[in-house]
Amino acid sequence: MKTVRLLRGIPLSLSMCILSVMSAEAQETNMAPVIESMIRAFKSMKADTVRKDVIEPNLYRAFYKAEYHPVAKSMAPAYEWTQVLQIGETAQRYIDHGTLLADSIFDDGVKTGKAPEEFVPGYYKAGKSSVRDSHILFLQREGKMEYFDRIVTDHFTYVDSIPQQQWELVAGDSIIAGYTCHRAQTRYRGRDYTAWYTEEIPLSYGPYKFRGLPGLITCIYDKDRDHVFTLHGFERAPRGEVIYRKKKSYFKTTRERLQQAIRNYMTNPSGYSTPKINVQGKKTAKPPKPYNPIELE
């Protein structure tokens with residue numbers, strides 16, 4: 001199997017109780033006070049490694065540039081960041097690259113006994129560039145998918161069957177990330193997609209919930225290009241890297257209820273007032289946030 005060296009990596013998210021502090025301060029110009037407060041917080045608590053349930057060793061990593069347009073059918077404004085697909089023997093996880101990086105920085109700092117001053121800045125940098133907190137765990141043996149997301153400081157999860165898109169293989173060839181690719185089409189949850197896949201990497205996975213083609217998906221985009229994922233690196237995973245589920249207090253819900261809660265929150269950010277799955281507040285101090293979900297139905 002051919003391996004492409006990672007072209008570039010953009011660090012993204014993290015996963016500790018400090019997350020709420022980071023999220024609230026992430027847009028400040030001067031970050032030194034935030035980092036200092038995090039260092040003080042770490043010194044005042046008993047630091048431990050990221051709590052996790054290890055599923056299995058990770059074998060490969062596929063890096064994707066994700067592009068999201070919050071205003072439908074508009075090229076601007078847009079968000080671009082890096083996500084990674086971890087591929088194990090029977091499990092996969094799709095997650096922001098920075099989440100993986102921040103967890104690694106934190107674990108290394110704790111395990112090696114580093115002072116908070118030594119690893120917190122890097123940990124913070126990884127989290128500061130995060131765009132999304134959602135991630136997906138695919139468990140093939142059980143035929144199920146676990147989806148995780150966050151609204152403000154409340155964490156949610158739902159379990160669903162692993163998606164099975166109905167693909168149509170169509171004429172068309174391209175070169176993406178150095179691989180010869182072929183074209184396919186599908187419709188999934190309200191959007192029409194064009195995908196490119198390569199049989200040079202015979203793994204039937206891809207970004208987000210897309211999978212089931214005769215090779216790794218190297219690029220996929222909806223008709224309006226509101227959501228675009230493009231492979232920019234594929235490699236063997238570092239020795240010792242694992243696919244894991246974080247041990248966190250998640251509110252269990254359904255896909256439909258979580259989607260509606262996110263829509264409600266984006267429409268009325270100030271109205272969010274409960275850790276449960278509804279948004280019932282009447283405050284309107286904050287304006288609505290542009291929102292263009294990848295799943296329309």
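This passage describes strand S3 with its pairing partners, followed by the second largest pocket, in a predicted model.

Strand S3 spans residues 91–96 and is mostly covered, with six of its six residues buried. Pairing was found between S3 and two other strands. Strand S2 (residues 79–88) runs antiparallel to S3, and five bridges join the two. The connection from S2 to S3 is a hairpin of two residues. Within this pair, Val 84 has Ile 95 of S3 as its bridge partner. Strand S4 (residues 135–139) is also antiparallel to S3 and is joined to S3 by four bridges. Here Tyr 94 is bridged to Ile 136 in S4. In a regular strand, side chains alternate between the two faces of the sheet.

The second largest pocket has a volume of about 330 Å³. Its lining consists of 16 residues, of which Leu 100, Asp 103, Ser 104, Asp 107 and Glu 241 are the closest to the pocket centre. Three elements each give two or more residues to this lining: strand S1 (52–68), helix H3 (97–111) and strand S12 (242–246). Helix H3 provides the largest share, with eight residues. By class, the lining of the second largest pocket comprises eight charged, five nonpolar and three polar residues. Asp 103, Asp 107 and Glu 241, which are among the residues closest to the centre, belong to the charged class.

Methods: Residues numbered from 1 in each chain as written. Predicted model: local features only at pLDDT ≥ 70, side-chain atom pairs only at ≥ 80, totals over all residues. Heavy atoms only, no water. 1 Å grid on protein atoms, 1.4 Å probe; cavity = no way out; pocket = protein on both sides within 12 Å on 5 of 7 lines; lining within 4 Å. Points joined across faces, edges and corners; volume = space filled by probe spheres on them. Buried < 20%, exposed > 50% of the residue type's maximum accessible area, 1.4 Å probe, protein only. Pairing = 2+ DSSP bridges.
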